Amino acid sequence: MPILTLPTTPFGDQRPGTSGLRKKVTVFAQKHYLENFVQALFDVLPDATGLTLVLGGDGRYYNRVAVQTILRMAAAKGYARVLVGEGGILSTPAVSAVIRAHKASGGIVLSASHNPGGPDGDFGIKYNIANGGPAPEKVTEAVYARSKVLSTLHTSDSPDVALDVLGDCQVDGMQVSVIDPVAIYAELMGTLFDFSAIRRLFASGFRLRYDAMNAVGGPYAKAILEGTLGAPTGTVVNAVPLEDFGGLHPDPNPVNAEDLIAHMTAADAPDMGAASDGDADRNMVVGRNFVVSPSDSLAVIAAHATLVPGYAQGLAGVARSMPTSTAVDRVAQTLGIPCFETPTGWKFFGNLMDAGRVTLCGEESYGTGSSHVREKDGLWAVLFWLNLVAATGKSVEALVRELWTAHGRCVYSRHDYEAIPTDKADALMAGLRAQLPTLANTTVAGCAIALADDFAYTDPVDGSVSQKQGIRVILTDGSRVVFRLSGTGTEGATLRVYLERHEPDAARHDIEAQTALQPLVALAESLAHIRALTGMAQPTVMT
Ligand code: G16
């Protein structure tokens with residue numbers, strides 16, 4: 001088939017956010033919208049002769065259409081080979097694993113992560129580089145710049161590839177290999193964890209409920225937990241990926257995974273609960289009647305990492321995004337290893353992992369991972385917890401309480417104000433920025449402020465600088481309020497207010513988080529005037 005060159009006109013709104021380009025399906029379905037972004041990407045990437053690309057997505061609505069479109073454009077770009085998951089499916093961590101295993105030049109992930117799916121939902125696309133991780137800002141900014149001046153598309157008019165048949169075929173001289181989406185990832189997990197110990201744990205009657213939220217994590221969790229590790233059939237629920245996630249919001253937090261929380265608070269609750277998101281890179285871990293915060297999860301994993309075979313040699317260092325609680329910093333200090341504070345976005349961990357400076361990373365947004373791939377990894381985190389429970393004989397709750405006893409509890413919450421008109425959100429942030437020079441050494445709403453700044457990050461590996469990564473207000477006792485605008489929403493702006501207070505007193509470790517954080521909520525309101533500026537009396541989501 002001939003390669004076609006088609007005229008196009010630029011869209012002005014194709015700037016990737018925290019994690020790729022995310023828009024409503026209706027936006028992506030416009031003529032040439034997806035094609036323009038892919039062409040801008042391919043124009044920025046070097047010559048593809050002899051190179052391999054990995055392609056797959058979380059199976060949401062529009063995934064199959066996008067896969068076929070991208071295969072034709074990849075052929076026109078001149079790739080030698082594309083590895084695509086069966087049915088167009090690959091979880092985000094699996095894309096990362098496949099890129100690394102096959103030494104591919106990169107991969108395209110089709111996902112809007114935890115955002116709802118379906119014809120009226122969201123779709124997304126992001127590029128991962130040869131290390132398996134999200135492209136750094138210099139690449140995403142170059143793609144955006146190119147998208148603004150694009151005038152031609154290159155594609156092929158070859159027919160659709162049979163995505164449901166494993167094996168090889170050709171698209172205009174490019175080899176397309178439809179691969180098992182689970183195999184490479186599952187094999188990697190087997191090299192990291194003590195599968196025998198986890199098998200014995202399940203054999204002893206330990207009960208897990210894993211809610212895959214009708215998303216792409218289902219096939220992976222079924223294969224590994226029920227298939228390899230012998231967990232009873234039915235351990236993984238909502239295990240079939242659906243194009244609209246069954247109408248659910250595939251975001252593993254106590255608000256959106258309310259069914260899991262209901263099971264974990266029932267009289268006959270399983271020993272452990274877990275959930276993963278749309279593309280299976282996020283995770284939530286729950287004990288019996290006990291929700292584990294993502295920041296605490298990272299800290300527990302770091303504290304006990306050497307009990308897990310893949311990490312028995314110890315950790316080079318750890319990293320967390322700036323708004324994530326400082327629980328892991330305290331563990332790192334005890335372990336005598338470095339702890340890095342990066343901006344929000346998994347892409348900022350890549351250089352640190354490539355340089356061998358960190359082994360574990362995590363974020364408050366329900367993301368945990370390690371240098372086994374270059375994405376956060378939901379099922380990996382659950383397997384880590386299972387391995388820790390098997391190795392220590394302790395419950396999920398006991399492991400967290402041990403952390404609190406050793407280091408104090410970092411009481412934590414995130415308040416989201418969603419779908420704010422963009423101009424109002426910008427005004428709110430500008431108002432905060434204007435106050436920054438005069439806040440240090442003052443007392444506001446009864447809180448003594450030690451430092452107030454706009455977080456900037458200099459990558460210690462390549463020296464690149466990222467400015468304006470969130471406003472931090474740090475109190476003299478170490479408590480913090482952080483303000484950021486989300487980079488993953490698709491409707492207006494989402495203001496995130498992150499609240500953290502350290503509670504050293506074990507007698508007060510059971511305090512309800514929202515109660516403990518009230519003084520910080522009052523401080524946030526005094527500084528940002530959220531109610532007045534947005535008209536919203538309450539956050540839309542509190543996690
Ligand atoms: C993405 C990024 C994460 C980030 C999260 C929230 O996760 O990969 O690094 O923490 O978004 O970002 P924001 O606060 O800007 O909305 P995911 O799971 O959506 O790909």
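Okay, let's start at arginine 508, which sits in the loop between strand 26 and helix 16, residues 513-516. Keep in mind that what we have here is a predicted model. Is arginine 508 buried or exposed? Its relative accessible area is 42%, so arginine 508 counts as partly exposed. If you want a feel for distances, take valine 255 as a second point: 253 residues separate it from arginine 508 in sequence, and the C-alpha to C-alpha distance is 24 Å.

From that loop, let's step back into the strands. Strand 26 covers residues 493-503, and it pairs with strand 25 in the antiparallel sense, over 6 bridges. To find that pairing on screen, look for valine 482, which stands opposite tyrosine 498 of strand 26. Strand 25 also pairs with strand 24, residues 471-475, again antiparallel, this time over 4 bridges. Here the pair to look for is isoleucine 474 opposite arginine 480 of strand 25. Strands 24 and 25 make a hairpin with 4 residues between them. In the turn, glycine 478 has a positive phi of about 90 degrees. And how many residues of strand 25 are buried? The count is 5 of its 6, so strand 25, residues 480-485, is mostly covered.

Next, the sheet with 7 strands. This one is open, its pairing is mixed, and the order reads 2-6-5-3-4-9-8. Which strands stand at the edges? They are strand 2, residues 21-24, and strand 8, residues 167-171; each has a single partner strand, so one side of each has no neighbour in the sheet. On average, neighbouring strands here are turned by 20 degrees against each other, direction ignored.

Inside that sheet, strand 4, residues 81-89, and strand 9, residues 174-179, pair in the parallel sense over 5 bridges. Leucine 83 stands opposite serine 177 of strand 9. While we're looking at strands, a general point: in a regular strand, side chains alternate between the two faces of the sheet.

Now add the helices. Helix 2, residues 33-44, lies across strands 2, 3, 5 and 6, and runs at about 10 degrees to strand 6. Helix 3, residues 63-77, packs on the sheet too, touching strands 3, 4, 5, 6, 8 and 9. The direction of helix 3 makes about 170 degrees with that of strand 4.

There's another open sheet, with 4 strands in the order 16-15-17-18 and mixed pairing. Its edge strands are strand 16, at 339-342, and strand 18, at 367-370, and each pairs on one side only. The twist from one strand to the next averages 15 degrees. Strand 15, residues 318-321, and strand 17, residues 360-363, run parallel and are joined by 3 bridges. Alanine 319 has cysteine 361 of strand 17 as its bridge partner. Then helix 11, residues 327-335, lies across strands 15 and 16, at about 165 degrees to strand 15.

Okay, on to the nonpolar cores. The largest has 71 residues, and the members touching the most others are Leu225, Trp380 and Leu386. Which helix gives the largest share? That's helix 13, residues 378-392, with 10 residues. And where does this core lie? Domain 1, 3-181, and domain 2, 185-407, both give residues to it, so the core lies between them. Zoom in on leucine 386: leaving out residues up to four places away in sequence, it touches Ile198, Leu201, Phe202, Phe206, Leu208, Leu225 and Met272. There's also a second, separate core of 40 residues, with Leu41, Ile70, Leu71 and Met174 among them.

Back to helix 13 for a moment. Its axis and that of helix 14, residues 396-407, come within 10 Å and cross at roughly 85 degrees. The two helices are therefore roughly perpendicular to each other. Trp385, Leu388, Val389 and Thr392 of helix 13 make the contact with Val396, Leu399 and Val400 of helix 14.

One last stop: threonine 235, in the loop between helix 8, 217-228, and strand 11, 236-237. Threonine 235 has a relative accessible area of 5%, so this residue is buried. Not counting residues up to four places away in sequence, threonine 235 touches Leu208, Arg209, Tyr210 and Glu226. Leu208 also came up among the contacts of leucine 386.

Notes: Residues are numbered from 1 along each chain as its sequence is written. This is a predicted model: local features need pLDDT of at least 70, side-chain atom pairs count only at pLDDT 80 or more; totals for chains, interfaces and linings use all residues. Side-chain values use heavy atoms; hydrogens and water are left out. A nonpolar core is a set of buried Ala, Val, Leu, Ile, Met, Phe, Trp, Tyr and Cys residues joined through side-chain atoms within 4.5 Å. Buried means under 20% relative accessible area, exposed over 50%, partly exposed in between (1.4 Å probe, protein chains only). Domain bounds come from an automatic or database domain assignment. Contact means heavy atoms within 4.5 Å. Two strands pair if DSSP finds at least two bridges between them. Axes are lines fitted to C-alpha atoms, for helices over the stretch in contact, and angles run from 0 to 180 degrees between N-to-C directions. Angles under 35 degrees count as roughly parallel, over 145 as roughly antiparallel, 65 to 115 as roughly perpendicular and the rest as oblique.
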